[in-house]
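Visitor: I am new to this structure and should be grateful for a close look at a single part of it. Please begin from the question I put below.

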Amino acid sequence: MRWENKGHEYDAMYLQICGKNGFYIFGCGDYGKQFLNCFQNEVPIVGYIDNKLAKYGYEINGIACMELKELTLGEKEGIILTISQYDRAGAVEQLELHGYRRNIDFFVIEEFISVYYLYRYDKICFLNISLLPSTTCNLKCRHCLNFNPFASEFYVRDWEALKKDVDLFFANVDFVMVFHVSGGEPMLYKHIADLIEYIDREYGDRIGTLRTVTNGTIVPCDDLLEKLSGCSVEVTVDDYREAVPQYEAQFDNLICKLEQYKVRYVVNKVESWVDLAPEKTDYSYMTEEQLIRHRSECGQTWQELRDGKLYSCNYASYASVAGIAGEQDVEESYDLRSHSVERKRELVEFRLGYTDKGYTNFCKKCRGFTAHDTDAVKPAVQIERNSCWHETM
């Protein structure tokens with residue numbers, strides 16, 4: 001989205017929020033649960049909606065979950081869309097087909113929480129942030145969203161630089177619902193336990209969920225697990241055993257170890273990935289207005305924290321690091337080192353997708369998380385090593 005009224009893009013939306021006396025939560029998965037854990041005592045919840053048949057009738061806080069077509073929205077009621085980026089664009093389209101208007105009748109989760117806390121309490125609250133210590137990985141996934149197959153070498157960050165980024169982030173941000181330490185394969189980063197321990201110790205009271213991820217093929221050493229056991233961290237264990245059955249024993253051993261050390265974990269049985277297809281996509285013919293529309297329609301909600309800056313799209317940032325997107329323009333990042341309290345609204349607007357340009361250079365090569373322009377592919381399909389993949393481990 002391109003800035004039109006910097007510092008005031010959400011004035012009208014906040015007035016709409018203030019006019020509601022109750023909200024339905026649309027999406028009872030991870031984001032919905034995270035929202036309730038952090039904000040249910042702040043926001044009046046009157047009902048729950050989900051698209052999955054298995055959840056119909058399931059009670060949350062004594063209220064049965066319904067499907068969208070059953071809903072009759074009251075005049076002073078709204079919907080908070082808490083569906084993840086993978087299904088976000090389709091859900092927005094679904095709501096609009098039912099006649100609901102964005103930022104009037106329904107609000108997406110990241111905009112709602114950031115705007116609500118900024119305007120009501122003068123606090124900066126983000127849905128999530130991604131911190132990438134390293135792209136090092138032992139797998140060779142064809143559709144890797146770090147774009148490792150295109151990189152000439154893995155990217156590994158300095159431990160002290162990571163701590164500085166974390167400190168800078170929390171010097172400017174009051175609360176984040178999900179702080180995600182991502183990869184690559186985080187368990188291959190030698191300082192991963194120290195990093196998580198540092199974030200939890202220094203800023204755990206300002207994080208809803210501190211989370212990291214593993215591809216389920218690496219069994220960490222006991223020292224690492226011992227440190228994690230003392231942290232309030234959740235490990236997402238991706239289950240790729242269908243694609244890499246040779247790691248079946250490691251997966252089982254990993255689960256045993258996590259349970260042995262009482263490390264909180266969630267097994268994520270991934271059914272499909274999205275192929276952003278940078279090697280097949282060419283939107284360079286698009287006009288500037290078309291690129292702005294393409295970015296605005298994308299359901300991608302994550303930004304990366306790196307080298308003192310927030311990058312407006314983490315996948316554009318990953319593509320730049322991998323060498324397939326060129327240099328990112330200055331408009332594609334927000335320098336936290338030059339932030340001031342007078343620019344709080346500008347920072348929040350940037351985090352919610354506004355920039356002076358309105359799109360990233362990578363948008364010209366990326367299908368995006370849109371309702372119509374994504375391809376579902378099998379997760380973790382492996383490729384043979386080739387000249388563009390250098391072994392650095």
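Which residues in α4 meet which residues in α11?

Guide: The model shown here is a predicted one. In it, Ser114, Leu118 and Tyr119 are the residues of α4 that meet α11, and on the α11 side they face Lys344, Arg345 and Val348. Sorted by class, this contact comprises 3 nonpolar, 1 polar and 2 charged residues. Helix α4 covers residues 109-121 and helix α11 covers residues 344-351; their axes lie 10 Å apart and the packing angle is about 175°. Because angles over 145 degrees count as roughly antiparallel, α4 is roughly antiparallel to α11.

Helix α4 also takes part in another feature, the second largest pocket, where α4 is among the elements that give two or more residues to the lining. The others are α1 (11-18), α3 (85-97) and α9 (288-297). Of these, α3 supplies the largest share, 5 residues. The pocket has a volume of about 710 Å³, and its lining numbers 35 residues. Nearest its centre lie Arg102, Arg295, Ser296, Glu297 and Cys298. By class, the lining holds 13 nonpolar, 11 polar and 11 charged residues.

The sheet may be described next. An open sheet of 6 strands runs in the order β3-β4-β2-β1-β5-β6, with mixed pairing. Its edge strands, each paired on one side only, are β3 (59-60) and β6 (106-108). Strand β3 pairs with β4 (residues 63-66) in the antiparallel sense, over 2 bridges, and Ile60 has Ile63 in β4 as its bridge partner.

Note on methods:
Residues numbered from 1 in each chain as written. Predicted model: local features only at pLDDT ≥ 70, side-chain atom pairs only at ≥ 80, totals over all residues. Heavy atoms only, no water. Pairing = 2+ DSSP bridges. Helix = DSSP H or I, 4+ residues; strand = E, 2+ residues; numbered from the N terminus. Axes fitted to C-alpha atoms, helices over the stretch in contact; angles between N-to-C directions. Parallel < 35°, antiparallel > 145°, perpendicular 65-115°, else oblique. Contact = heavy atoms within 4.5 Å. Nonpolar A, V, L, I, M, F, W, Y, C, P; charged D, E, K, R; others polar. 1 Å grid on protein atoms, 1.4 Å probe; cavity = no way out; pocket = protein on both sides within 12 Å on 5 of 7 lines; lining within 4 Å. Points joined across faces, edges and corners; volume = space filled by probe spheres on them.
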